[in-house]
Amino acid sequence: MQKAVLITGAGSGIGRATARRLDQDGYALLLAGRTAATLRETLGMLSSDNAHAILTVDVADRVAMNKGLSDLLSGDAIELVGVFANAGIGGHNAYDVEPGLDRWDEILSANLTGVYVTLMTCLPWLENAQAEVKHVVVTSSVLARFAVPGYAAYQASKSGLLGLVRALAVDWGDKHVLVNAICPGWVETDMARDSIARLAELQRVSYEECHSNQCAQLPTGRMSSPEEIAETVAWLMSGAQRSITGQALDINNGSWMG
Ligand SMILES: NC(=O)c1ccc[n+]([C@@H]2O[C@H](COP(=O)([O-])OP(=O)(O)OC[C@H]3O[C@@H](n4cnc5c(N)ncnc54)[C@H](OP(=O)(O)O)[C@@H]3O)[C@@H](O)[C@H]2O)c1
């Protein structure tokens, strides 16, 4: 039986980079997201030796998640030993722009409920897997550590994930499932590019100037690449660590130090 890992948000950015990295470790990858075309692009970047599959789904949709995973995991070719619950949406609430535009429900649904649904749906398969230790990694954010203006929903969702991770680390410890979060700072992906573009507009500076101002505020003077985040996830998922659970790992170029 091949060991499988579910990656949500696998069609771009951190999720895609992690799929490419975990492919090297020989996992069968279940690539989840809402857009089939981008998931197919990720699939095309992976080795054909592993039993990869695509799951086109909204992670907050309990019925669709359960049906999709049941279809993929029903045979005895693969067993689910890991989950990277990484899908999320970014951006400001917009409540300060116009009350009718408040994105609270949309952001909480994708970023917090979506992770909860993903993990709860996966639990029966994780419990049944024969591996000695199973791993869950959740993508939170440096914005669970400090606040910036206009991001109440995003910050609440990412802070909520840290509580969820601690709760499940306690609940699932006896099931041999380790549950951890990563808290990235700026990572060079479409989500970060969208945020910088908006910030540039607000500050009336060019995109390039805004990007370099943001870097200048970081002790290392740079943003992370998706590939660096993928390395940390691969290590957390590997057999190399069996004692870390309920933790949040900060990968933020020094923007917040706990
Ligand atoms: N980039 C940063 O600076 C940064 C910093 C801290 C944390 N993060 C977090 O890192 C994670 C990955 O983001 P990224 O930076 O790689 O940006 P990204 O390229 O925009 O990736 C987000 C992915 O999530 C998927 N997604 C969004 N909502 C979904 C839903 N309801 N159901 C299923 N899939 C959904 C998107 O695909 P579809 O639209 O096709 O569904 C997309 O592939 C996010 O949770 C984000 O909050 C990013």
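In this predicted model, the ligand sits among 30 surrounding residues, and the closest of them are Gly-9, Gly-13, Arg-34, Thr-35 and Gly-88. Sorted by class, that shell comes out as 16 polar, 11 nonpolar and 3 charged residues. Helices do part of the work here: α1 (13-24), α4 (104-128) and α6 (190-203) each put at least two residues into the shell around the ligand.

Turning to the sheet, 7 strands line up in the order β3-β2-β1-β4-β5-β6-β7, making an open sheet with parallel pairing. The edges are β3 (53-56) and β7 (248-251), each of which pairs on one side only. On average, neighbouring strands of the sheet are turned by 25° against each other, direction ignored. To pick out one pairing, β5 (residues 134-139) and β6 (residues 177-184) run in the parallel sense and share 6 bridges; Lys-134 stands opposite Val-177 in β6. Helix α4, already met in the ligand shell, lies across β1 (2-8), β4 (78-85), β5 and β6, and runs at about 160° to β4.

Two backbone spots also deserve a mention. Arg-204, in the loop between α6 and α7 (207-216), has a phi near 55°, which is positive even though the residue is not a glycine. Asn-253, in the segment after β7, likewise has a positive phi near 55° without being a glycine. Their surroundings read as follows. Arg-204 counts as exposed because just 8 other C-beta atoms lie within 10 Å, where 12 or fewer is the cut-off. Asn-253 counts as buried because 21 other C-beta atoms lie within 10 Å, where 20 or more is required.

Technical notes. Residues numbered from 1 in each chain as written. Predicted model: local features only at pLDDT ≥ 70, side-chain atom pairs only at ≥ 80, totals over all residues. Near = placed C-beta within 6 Å. Helix = DSSP H or I, 4+ residues; strand = E, 2+ residues; numbered from the N terminus. Nonpolar A, V, L, I, M, F, W, Y, C, P; charged D, E, K, R; others polar. Pairing = 2+ DSSP bridges. Axes fitted to C-alpha atoms, helices over the stretch in contact; angles between N-to-C directions. Contact = placed C-beta atoms within 7 Å.
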